[in-house]
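I opened a new notebook for this structure and set down what I looked up, one topic per entry.

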Amino acid sequence: DYGTNYVVFNLNTGKRKGKPLVAPRKSRWFNNVKFRQAVAYAINRPRMVKNIYRGLGQPQHSFISVQSPFADPSLQGYDYDPEKAKQLLKEAGFKYNQKNQLLDSEGNRVSFTLNTNAGNKIRETMGNQVEEDLEAIGMDVNFRTLNFNVLIGRLSGSLDWECIILGLTGGNEPNNGANVWFTDGNLHMFNQKPAPGQNPIEGRTISDWEKKIDQLFIKGARELDEDKRKAIYAEIQQLVSDNVPFIYLVNPKALGAVRNNIEGVEYSALGGAFWNLEELKIAE
């Protein structure tokens, strides 16, 4: 399938009317790249493929759809490795108590809320597993489903959220998703700026890697040579992978069924079974 499923943390360091959007101690966790990398290593994607999609899928590593010619096949991503996750957390200054609970350097229990939209059974099942996987490395995760409109209101309005499971559509052309990566884009959800007419945010900071990705998307849109464009988007994919603003989960297979008396069917992820309709024949 062309879409993405992901876990995303709220990295916005800003305040509204003097109140931080994210509790300061949690903001320090979320903005620690080793913390996000540890979460990426701790999620068991093969288990998701097996249990949720009955084996009809594969772990996902990039925001660019795997069918796209701009997808980087050499991108490593984060294979399931809970011991690597624990190692990264210790390197980042976290520690474990006698109950194997994860604490930060000040002794605070690492606890946060994970949301997704109610009624989406796939995401609900993913959320339950992510909760289990992260609790296995000592985190206290409170998974809660919310009405879709309430969830989107928090994501793009109040900005009052900690961690969310959502998805986006994909496609062959990476620049179609530029609005996610531009620092002032209205889908730059991990570090969202206020929409027109909303209360301002004081103290929102933009990381160097965010600025670099922003610049590379502009460069990619201006480049006409396909090989050079591939190199630009490969650099973007590596930056995204290294800094994990989104933790990608599973790419499910897209399935189609056609009666067996239809000849000439050539399945395509882009056009399904009938993209070459004028070539299809009905057998007698």
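Entry 1, helix α2. I am working from a predicted model. I listed the buried residues of α2 and found Phe35, Arg36, Gln37, Ala38, Val39, Ala40, Tyr41 and Ala42. The helix runs over residues 33-42, and eight of its ten residues are buried, so α2 is largely enclosed by the rest of the structure. I then looked at the N-terminal end of α2, which Asn32 caps. A side-chain oxygen of Asn32 lies 3.0 Å from the backbone nitrogen of Lys34.

Entry 2, the core. I asked which residues have the most contacts inside the largest nonpolar core. They are Phe35, Leu134, Met139 and Trp181, in a core of 71 residues. The largest share of this core comes from α2, with six residues. I took Leu134 as one case and noted what it touches, leaving out residues up to four places away in sequence. The list for Leu134 is Val39, Ala42, Ile43, Phe112, Met139 and Val141. Of these, Val39 and Ala42 are among the buried residues of α2.

Entry 3, the largest pocket. I noted a volume of about 330 Å³ for the largest pocket. Its lining has 21 residues, and those nearest the centre are Phe63, Leu168, Thr169, Gly170 and Gly177. I asked which element gives the largest share of the lining. It is α7, with four residues. At least two lining residues come from each of β1 (4-9), α7 (178-181) and β10 (246-248). By type, I have twelve nonpolar, eight polar and one charged residue in the lining.

Entry 4, Arg229. I found Arg229 in helix α9, residues 226-243. Is Arg229 buried or exposed? Its relative accessible area is 12%, and buried means under 20%, so Arg229 counts as buried. I looked for a polar partner of its side chain and found the side chain of Glu173, at 2.8 Å. Leaving out residues up to four places away in sequence, Arg229 touches Phe70, Glu173, Asn175, Gly220 and Glu223.

Entry 5, helix α6. This helix covers residues 148-158, and I have its buried residues as Leu151, Leu155 and Gly157. Leu151 and Leu155 are both on that list, and I wrote a general reminder beside it. In an α-helix there are 3.6 residues a turn, so residues three or four places apart point the same way. I asked which strands the buried residues of α6 pack against. They are β2 (15-16), β7 (111-117), β8 (140-146) and β9 (163-168). At the start of α6, a side-chain oxygen of Asn147 comes to within 2.9 Å of the backbone nitrogen of Asn149. After the helix comes Leu159, with a positive phi near 60°.

Entry 6, positive phi in loops. I looked up Arg54, which is not a glycine yet has a positive phi of about 55°. Arg54 sits in the loop between α3 (45-52) and β4 (57-59). Its relative accessible area is 66%, and exposed means over 50%, so Arg54 is exposed. I then turned to Val244, also not a glycine, with a positive phi of about 35°. Val244 belongs to the loop between α9 and β10. With a relative accessible area of 3%, Val244 is buried. I end the entry with the two side by side: Arg54 is exposed, whereas Val244 is buried.

Note on methods: Residues numbered from 1 in each chain as written. Predicted model: local features only at pLDDT ≥ 70, side-chain atom pairs only at ≥ 80, totals over all residues. Heavy atoms only, no water. Buried < 20%, exposed > 50% of the residue type's maximum accessible area, 1.4 Å probe, protein only. Polar contact = N/O pair within 3.5 Å; in protein donor to acceptor, adjacent residues only side chain to side chain. Core = buried A, V, L, I, M, F, W, Y, C linked by side-chain atoms within 4.5 Å. Contact = heavy atoms within 4.5 Å. 1 Å grid on protein atoms, 1.4 Å probe; cavity = no way out; pocket = protein on both sides within 12 Å on 5 of 7 lines; lining within 4 Å. Points joined across faces, edges and corners; volume = space filled by probe spheres on them. Nonpolar A, V, L, I, M, F, W, Y, C, P; charged D, E, K, R; others polar.
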